Amino acid sequence: MMIQIAEARISYGDSPAILKDVNLTVNKNDWITILGVSGTGKTSLLNIIGGLLRPTAGEVEVEGRNLQALTREEMQEYRRNKIGFVYQDFKLFDQYTVLENVMLPQLPYDSHKKLEKQAIQLLEQVGLSHRLSHLPAELSGGEKQRVAIARALIGCPEILLCDEPTGNLDNESTKTVMRILQELHKGGLTILLITHDNSLASYGNRIVTTGDGTIVELDGE
Ligand SMILES: Nc1ncnc2c1ncn2[C@@H]1O[C@H](COP(=O)(O)OP(=O)(O)OP(=O)(O)O)[C@@H](O)[C@H]1O
Ligand SMILES: [Mg+2]
């Protein structure tokens, strides 16, 4: 199994827990769609898997490694090499070109030449070979998200965490982005994807909903 969350609880400060009794096993190459109304803890759930947030109680294991036991450096390495993040608002750096944006996360850790080659390949994969030296401001929303996906892949992650990746996109760009995710999934990537669009759940093999302070998996059948 890829990810195992056991009896996890998430609370912020002294507030009551946002999520409790969270149990979830994610298998390699699962694609889990996370649905649930605003404020029910979807992003918080992704963040404990991504190592951006520690659960207040309980365990998160990824490939048998307990995330709580990692040192700061190990956690950074985990985030850099195992996890890719894709956000609703793209989070590209406006002052850097498309190619530079894709290379940036790994730039301190690998040779410029190797990263440039990888980034060009990834941008080709998302259909943006003709936009390498453009700035984000010169791209459509759909193109920006494709750059963000390429950037998320530069560390060759095994898990892609997508937080409403099509929330700002029109139908056509949504389809393009989902098709790209489908290809990546076929290539073996494990995907967790938050969405408010129930129809996108058909891309995945499992559905988890948040609400009433916990998560529930919907029956497959
Ligand atoms: N860093 C934080 N500090 C304090 N409270 C937080 C923090 N992050 C989230 N919360 C609170 O935790 C609750 C769950 O937030 P979360 O972002 O996980 O929900 P969500 O399901 O992703 O919502 P949305 O669909 O609006 O993105 C909310 O009430 C939110 O205000
Ligand atoms: Mg959210």
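**Exercise 1. What percentage of the 221 residues in the protein chain is buried?**

Before starting, a word on the model. It is predicted, so local features need pLDDT of at least 70 and side-chain atom pairs count only at pLDDT 80 or more, while totals for chains, interfaces and linings use all residues. Residues are numbered from 1 along each chain as its sequence is written, and chains are lettered from A and ligands numbered from 1 in the order in which they are written.

*Solution.*
- Step 1: fix the term. A residue is buried if 20 or more other C-beta atoms lie within 10 Å of its own, exposed if 12 or fewer, and partly exposed in between, with C-beta atoms placed from the backbone.
- Step 2: apply it to the chain. Buried residues make up 38% of the 221 residues.

**Exercise 2. Compare the radius of gyration of the protein chain with that of a compact globule.**

*Solution.*
- Step 1: the rule, taken over C-alpha atoms, is 2.2 Å times the number of residues to the power 0.38.
- Step 2: for 221 residues, a compact globule would have a radius of gyration near 17 Å.
- Step 3: the protein chain has 17 Å, which agrees.
- Step 4: for the outline, the C-alpha atoms fill a box of roughly 45 × 40 × 35 Å along the principal axes.

**Exercise 3. In what order do the six strands of the open sheet lie, and which are the edge strands?**

*Solution.*
- Step 1: helices (H or I, at least four residues) and strands (E, at least two) are DSSP runs, numbered from the N terminus. The protein chain has six helices and 10 strands.
- Step 2: two strands pair if DSSP finds at least two bridges between them. Strands of a sheet pair through backbone hydrogen bonds, either parallel or antiparallel.
- Step 3: the order is E6-E7-E8-E3-E9-E10, with mixed pairing.
- Step 4: strand E6 (83-87) and strand E10 (214-217) are the edges, each pairing on one side only.

Now walk across the sheet, pair by pair:

| Pair | Sense | Bridges | A matched couple |
|---|---|---|---|
| E6 and E7 | parallel | five | Ile 83 with Ile 159 in E7 |
| E7 and E8 | parallel | five | Leu 160 opposite Ile 191 in E8 |
| E3 and E8 | parallel | four | Ile 32 with Leu 192 in E8 |
| E3 and E9 | parallel | four | Ile 34 with Val 208 in E9 |
| E9 and E10 | antiparallel | four | Gly 211 opposite Thr 214 in E10 |

- Step 5: look at the turn. E9 and E10 form a hairpin with two residues between them, and Asp 212 in the turn has a positive phi of about 50 degrees.

**Exercise 4. Why is E8 described as largely enclosed by the rest of the structure?**

*Solution.*
- Step 1: count. Five of the five residues of E8 are buried, so E8 is largely enclosed.
- Step 2: check each face. Thr 190, Leu 192 and Ile 194 are buried on one side, and Ile 191 and Leu 193 on the other.

**Exercise 5. Which residues of H1 are buried, and which residues surround ligand 1?**

*Solution.*
- Step 1: the buried residues of H1 are Lys 42, Thr 43, Ser 44, Leu 45, Leu 46, Ile 48 and Ile 49. That is seven of eight, so H1 is largely enclosed by the rest of the structure.
- Step 2: look just past the helix. Gly 51 follows H1 and has a positive phi, near 75 degrees.
- Step 3: turn to the ligand. A residue counts as near a molecule if its C-beta atom, placed from the backbone, lies within 6 Å of it. Around ligand 1 are Tyr 12, Ile 18, Gly 36, Ser 38, Gly 39, Thr 40, Gly 41, Lys 42, Thr 43, Ser 44 and Thr 210.
- Step 4: H1 gives the most to this shell, with three residues.

**Exercise 6. Phe 90 and Cys 156 have positive phi values. Is Phe 90 buried or exposed, and is Cys 156 buried or exposed?**

*Solution.*
- Step 1: recall the background. Most residues other than glycine have a negative phi.
- Step 2: Phe 90, with phi near 65 degrees, is found in the loop between E6 and helix H3 (98-103). Phe 90 is buried, because 20 other C-beta atoms lie within 10 Å.
- Step 3: Cys 156, with phi of about 50 degrees, is in the loop between helix H5 (141-153) and E7. Cys 156 counts as exposed, because it has 12 C-beta neighbours inside 10 Å.
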